[in-house]
Amino acid sequence: LKDDLAQVGKAGVIRFFPKGESDGAIEFYNDGNGSLQKRRLGQINAPFYSKQGTGKRAFVFTDPFELLRQKKVELFSDFPRKDGIIGLLEPNVAAVDTFVAANRNVRQLFVVTSGKPENKHAELDFFNNLKGRYLKLGIEIDTISHEKALSRGGPDLSR
């Protein structure tokens with residue numbers, strides 16, 4: 001909240017904003033049946049969060065809740081990271097292109113899937129698009145579930 005990346009309303013609406021942009025947001029609201037629904041507001045051209053790493057791996061989160069659930073407050077520390085992290089508000093190839101261009105040491109991208117059935121098709125299209133783009137650049141693309149990212153070599157946030 002202090003970084004102006006999220007806003008929580010009194011009615012329970014949660015908005016995530018792209019870092020450094022004010023043209024759009026992703027809003028989550030209660031549908032009245034106890035589940036959250038997602039709505040896009042405006043244009044989103046930037047990720048919710050990105051941090052360069054010193055190593056060759058980077059993790060691409062397609063859902064801001066999954067990123068926050070995995071890393072919590074540690075995510076916003078200023079310590080250098082071994083693995084790069086990019087947290088998207090929705091699958092966005094252009095945002096990943098910008099991240100990879102700024103992080104030329106990256107040789108492996110892991111797309112952390114949300115595991116939500118309603119996102120499966122969009123995440124698969126996104127993954128296949130990235131794989132086609134980065135194959136010729138020698139960057140390996142793979143998917144990893146949120147649970148596996150937590151238990152097996154997920155993003156290293158150590159100093």
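# Exercises on strands and sheets

The bridge partner of Ser50 is Ile86 in strand S7. The exercises below begin from that pair.

The model is predicted, so local features need pLDDT of at least 70 and side-chain atom pairs count only at pLDDT 80 or more, whereas totals for chains, interfaces and linings use all residues. Residues are numbered from 1 along each chain as its sequence is written, and side-chain values use heavy atoms, with hydrogens and water left out.

## Exercise 1. The chain as a whole

Determine how many helices and strands the protein chain has, and where its confidence is lowest and highest.

*Solution.*

Step 1. Count the elements. The protein chain has four helices and nine strands; helices (H or I, at least four residues) and strands (E, at least two) are DSSP runs, numbered from the N terminus.

Step 2. Read along the sequence. The pattern is β-β-β-β-β-β-α-β-α-β-α-β-α.

Step 3. Consider the confidence. The mean pLDDT of the protein chain (the predictor's confidence in each residue, from 0 to 100) is 80, and 83% of the residues reach 70 or more. The lowest confidence is in helix H4 (residues 146-151), with a mean of 62, and the highest is in helix H2 (residues 93-102), at 92.

Step 4. Turn to burial. Of the 159 residues in the protein chain, 41% are buried; a residue is buried under 20% relative accessible area, exposed over 50% and partly exposed in between (1.4 Å probe, protein chains only).

## Exercise 2. The sheet of four strands

State the order of the strands in the open sheet of four, and follow the pairing across this sheet.

*Solution.*

Step 1. Write down the order. It is S1-S2-S3-S4, and the pairing is antiparallel. At the edges stand strand S1 (6-8) and S4, each of which pairs on one side only. Two strands pair if DSSP finds at least two bridges between them.

Step 2. Begin with S1. This strand is joined to S2 by three bridges, and the two run antiparallel. Within this pairing, Gln7 stands opposite Arg15 in S2.

Step 3. Move to the next pair. Strand S2 (residues 14-16) pairs with S3 in the antiparallel sense, again over three bridges. Here Ile14 faces Phe28 in S3 as its opposite residue.

Step 4. Finish with S3 and S4. Strand S4 (residues 36-42) is joined to S3 by seven bridges, and these strands run antiparallel. Asn30 stands opposite Leu36 in S4. The hairpin of S3 and S4 has five residues between the strands, and there Gly32 takes a positive phi near 95 degrees.

## Exercise 3. Burial in the sheet of four strands

Explain why strand S3 is described as largely enclosed, and decide whether Ile14 is buried or exposed.

*Solution.*

Step 1. Look at S3. Five of the seven residues in S3 (residues 24-30) are buried, so the strand is largely enclosed by the rest of the structure.

Step 2. Locate Ile14. This residue belongs to strand S2.

Step 3. Apply the criterion. Ile14 has a relative accessible area of 19% and is therefore buried.

Step 4. Examine a contact in space. Ile14 and Tyr29 are 15 residues apart along the chain, and their C-alpha atoms are separated by 6.5 Å.

Step 5. Add a general principle before inspecting the side chains on screen. In a regular strand the side chains alternate between the two faces of the sheet.

## Exercise 4. The sheet of five strands

Give the order of the open sheet of five strands, and state in which sense S8 pairs with S6 and with S9.

*Solution.*

Step 1. Write down the order. It is S5-S7-S6-S8-S9, with mixed pairing. The edge strands are strand S5 (49-51) and strand S9 (140-145), each pairing on one side only.

Step 2. Return to the opening pair. S5 and strand S7 (residues 84-87) run antiparallel and are joined by three bridges. In S7, Ile86 is the bridge partner of Ser50.

Step 3. Treat S6 and S8. Strand S6 (residues 57-61) pairs with S8 in the parallel sense over five bridges. Arg57 stands opposite Gln108 in S8.

Step 4. Treat S8 and S9. Their pairing is in the parallel sense, over six bridges, and Phe110 stands opposite Asp142 in S9.

Step 5. Assess the burial of S8. In strand S8 (residues 108-113), five of the six residues are buried, so this strand is largely enclosed by the rest of the structure.
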